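Here is a short briefing for a first look at this structure. Keep the sequence and the 3D view side by side as you read.

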Amino acid sequence: MYDYDVLVVGSANADLVIDVERRPAAGETVLGGDLAVHPGGKGANQAVAAARLGARTALLARVGDDGHGRLLLDSLRSAGVDTAGVLVGGAPTGVALITVDPEGDNSIVVSPGANARLTPVDIRAAGSLFHASRVVSAQLEIPLETVVEVVRNLSPDSRFVLNPSPPRPLPSEVLAACDPLIVNEHEARVILGDTCVSEEPEDWAKLLLAKGPRSVVVTLGAQGALVCDSSGVTRVASVKVDAVDTTGAGDAFTAALGWKLGAGASPAEAAGYAARVGAAAVTKRGAQESYPTAEEVDAL
């Protein structure tokens, strides 16, 4: 019996968000709206999204002993996330600087802060969390060597989900553990590198699968998603909504997908549910504040 449906290992940031009419070009200054501060970070976002959906969720992360760290801990706990694995201190809490244009598209610059101090030693010290978790989800806003250590500490029966964001080449040991590897178009191109010899997302999915993951999901925004495993490629339709802010939508998708896969759903079923969760998230501003409950997803 697992204590947690999902253990998220990853980043926790304060999101500093400014609305802009357009993003500035190099050397240009533009005026924006009022600054808003939200709890964020891909790890914390995934944990909150999973917990809001009803998953028993824990987070392994590091925040600073500061106001931004307390903001994050309060948000996690209010969503029902177990924060016993959230370490405090060592550096200021990570910060993401986010601009959002009128179409809801965003650009993000991240200062890792305490996230960069989440080390392989911290992972080894949290062995009980890994053995208590059905699904382990990670991203790349923490050091890559820490993600490698996550893979090495997985319980034999647990499932590893990775969204390689921000993208970088991945060691074969990490790729082989992914079930699935979840990428958008940009991430797919970076990981494929010189082997990205096609403009067709279906080909990206197959090429990524050939690199070693047990399964691959390619998210395509308004065009839905592709699920690829040894049985072939399946397209999952998107849900049409009026987007207000896309910040954190990919994290909501990843959290929902991992939870549903751990609960026994087929990859296509899990991706379809995750698409609805991601669609619900973009209809509200912010990241964690926008994440829906299971009832809200059903209503959508």
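In strand 13, Val233 is the bridge partner of Cys228. Strand 12 (residues 225-229) and strand 13 run antiparallel, joined by five bridges. The model is a predicted one.

**The sheet**
- Nine strands form an open sheet with mixed pairing. Their order is 5-4-1-8-9-10-11-12-13.
- Strand 5 (86-88) and strand 13 (232-236) are the edges, and each pairs on one side only.
- On average, neighbouring strands of this sheet are turned by 20° against each other, direction ignored.

**Helix 9 across the strands**
- Helix 9 (residues 249-262) lies across six elements: strand 1, strand 8, strand 9, strand 10 (178-183), strand 11 (216-219) and strand 12.
- Helix 9 runs at about 160° to strand 10.

**Helix 5 and its cover**
- Helix 5 (residues 144-152) is mostly covered, with seven of its nine residues buried.
- The buried residues are Leu144, Thr146, Val147, Val148, Glu149, Val150 and Val151.
- These buried residues pack against three strands: strand 1 (4-9), strand 8 (133-139) and strand 9 (159-163).
- They also pack against helix 3 (120-125), helix 4 (127-131) and helix 6 (172-177).

**Cis peptide bonds**
- Ser165 and Pro166 are joined by a cis peptide bond, with omega about -5°. Pro166 sits in the loop between strand 9 and helix 6.
- The peptide bond from Asp179 to Pro180 is also cis, and its omega is near 10°. Pro180 belongs to strand 10, the strand to which helix 9 runs at about 160°.

Terms used
Residues numbered from 1 in each chain as written. Predicted model: local features only at pLDDT ≥ 70, side-chain atom pairs only at ≥ 80, totals over all residues. Heavy atoms only, no water. Buried < 20%, exposed > 50% of the residue type's maximum accessible area, 1.4 Å probe, protein only. Helix = DSSP H or I, 4+ residues; strand = E, 2+ residues; numbered from the N terminus. Contact = heavy atoms within 4.5 Å. Pairing = 2+ DSSP bridges. Axes fitted to C-alpha atoms, helices over the stretch in contact; angles between N-to-C directions.
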